[in-house]
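User: I would like a close look at a single part of this model, followed by an account of how the rest of the chain is arranged around it. Please take the structure shown here as the starting point.

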Amino acid sequence: MNQPDTAAPDYRTELRSAMRQVMASVAVITTTAGDRPAGMTATAVSMVSLDPPSLLVCVNRSTRLYQAIADAQRFRITFLSQNHCEVAQAFGGQLPQEQRFSIGAWDLGSAYGPRLADGLVDIECALEAQLDHGSHTIFIGGAAAVRYGEGPVLLYGNGDYHRAA
Ligand SMILES: Cc1cc2nc3c(=O)[nH]c(=O)nc-3n(C[C@H](O)[C@H](O)[C@H](O)COP(=O)(O)O)c2cc1C
């Protein structure tokens, strides 16, 4: 059946192509629900405000991490440095959840979720709000602890990982 003339244009293809070239900082989001760690690579991560100190992550509800954050009510954001390409790949779906934490030096006993020993920026977040939108949920977390080192963050764009120039 033909779409009615009034159908809203579908910009999915254009949006994907447009956003491919926009370099994004790469993070891994982790949490522990019960005694089960979960983690995934994410670029849809942003600061929300300093007042209160808060950040957001956009998580596809088909991921293991989604239910784990909903259960644990907290999560950890780790921005990766340029030598963490293998970690980003593993947590971006190259390895199943059960094998991901064997890549990198993870402290699985850490509150708020597994902690990468040499993560560039490490922020513990207490879940404060969430909003479903389409396939994803936006989780907003209040910063409960912040640690950071110095150096360039790992970037992702045009389908590949990049170092800052
Ligand atoms: C560079 C990169 C960025 C990603 N960013 C996000 C993101 O912001 N949100 C999201 O839900 N998935 C994102 N993904 C996809 C998840 O990392 C991937 O689907 C992961 O395997 C989900 O975990 P699961 O296998 O346990 O479902 C990204 C993947 C890559 C490689």
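Which residues make the nonpolar surface patch of about 290 Å²?

Analyst: In this predicted model, the nonpolar surface patch of about 290 Å² is made by Leu-15, Met-19 and Val-22. Leu-15 lies in helix 1, which covers residues 12-20, and Leu-15 counts as exposed because its relative accessible area is 53% and the cut-off for that class is over 50%. In soluble globular proteins, nonpolar side chains tend to be buried together. The patch of Leu-15, Met-19 and Val-22 is instead a feature of the surface, and it can be set beside the nonpolar cores of the chain.

The largest nonpolar core has 21 residues, and those with the most contacts inside it are Ile-29, Val-45, Val-57, Phe-75, Ile-77 and Phe-139. Two or more residues each come from strand 2 (27-33), strand 3 (36-42), strand 5, helix 2, strand 6 and strand 9 (121-133), with helix 2 giving the most, namely four residues. Ile-29 shows how several parts of the sequence come together: leaving aside neighbours within four places in sequence, Ile-29 is in contact with Ala-38, Gly-39, Met-40, Ala-42, Val-45, Val-57, Leu-65, Ile-69, Phe-75, Arg-76 and Ile-77. A second, separate core has twelve residues, among them Val-28, Phe-91, Leu-116 and Tyr-161.

Burial also takes in a polar residue, Ser-54, which lies in strand 5 and is buried because its relative accessible area is 4%, under the 20% cut-off. Leaving aside neighbours within four places in sequence, Ser-54 is in contact with Met-47, Val-48 and Ser-49, and also with Ile-140, Gly-141, Gly-142 and Ala-143.

Just before strand 5 (53-60), the loop that follows strand 4 (45-50) holds Pro-52, and a cis peptide bond with omega of about 10° joins Asp-51 to Pro-52. Most residues other than glycine have a negative phi, and most peptide bonds are trans. Two further loop residues are notable for the sign of phi. Gln-73, in the loop between helix 2 (64-72) and strand 6 (74-79), has a positive phi near 65°, and Gln-73 is partly exposed, with a relative accessible area of 42%. Asn-158, in the loop between strand 11 (155-157) and strand 12 (160-162), likewise has a positive phi, near 50°, and is partly exposed, with a relative accessible area of 41%.

For the chain as a whole, these parts belong to a fold of four helices and twelve strands, whose C-alpha atoms fill a box of roughly 55 × 35 × 35 Å along the principal axes. The radius of gyration is 17 Å, which agrees with the value near 15 Å that a compact globule of 165 residues would have. Among contacts between residues at least 6 apart in sequence, 65% join residues at least 24 apart. Of the 165 residues, 37% count as buried, while the accessible surface comes to about 9600 Å², of which 51% belongs to carbon and sulfur atoms. Returning to the part you asked about, the patch formed by Leu-15, Met-19 and Val-22 has an area of about 290 Å², and one of its residues, Leu-15, is exposed.

Methods: Residues numbered from 1 in each chain as written. Predicted model: local features only at pLDDT ≥ 70, side-chain atom pairs only at ≥ 80, totals over all residues. Heavy atoms only, no water. Buried < 20%, exposed > 50% of the residue type's maximum accessible area, 1.4 Å probe, protein only. Patch = residues over 30% accessible without salt bridge, like charges linked within 9 Å, V, L, I, M, F, W, Y side chains within 5 Å. Areas by Shrake-Rupley, 256 points an atom, 1.4 Å probe, with all protein chains shown as cover. Salt bridge = Lys/Arg side-chain N within 4 Å of Asp/Glu carboxyl O. Rg over C-alpha atoms; globule rule 2.2 N^0.38 Å. Contact = heavy atoms within 4.5 Å. Core = buried A, V, L, I, M, F, W, Y, C linked by side-chain atoms within 4.5 Å.
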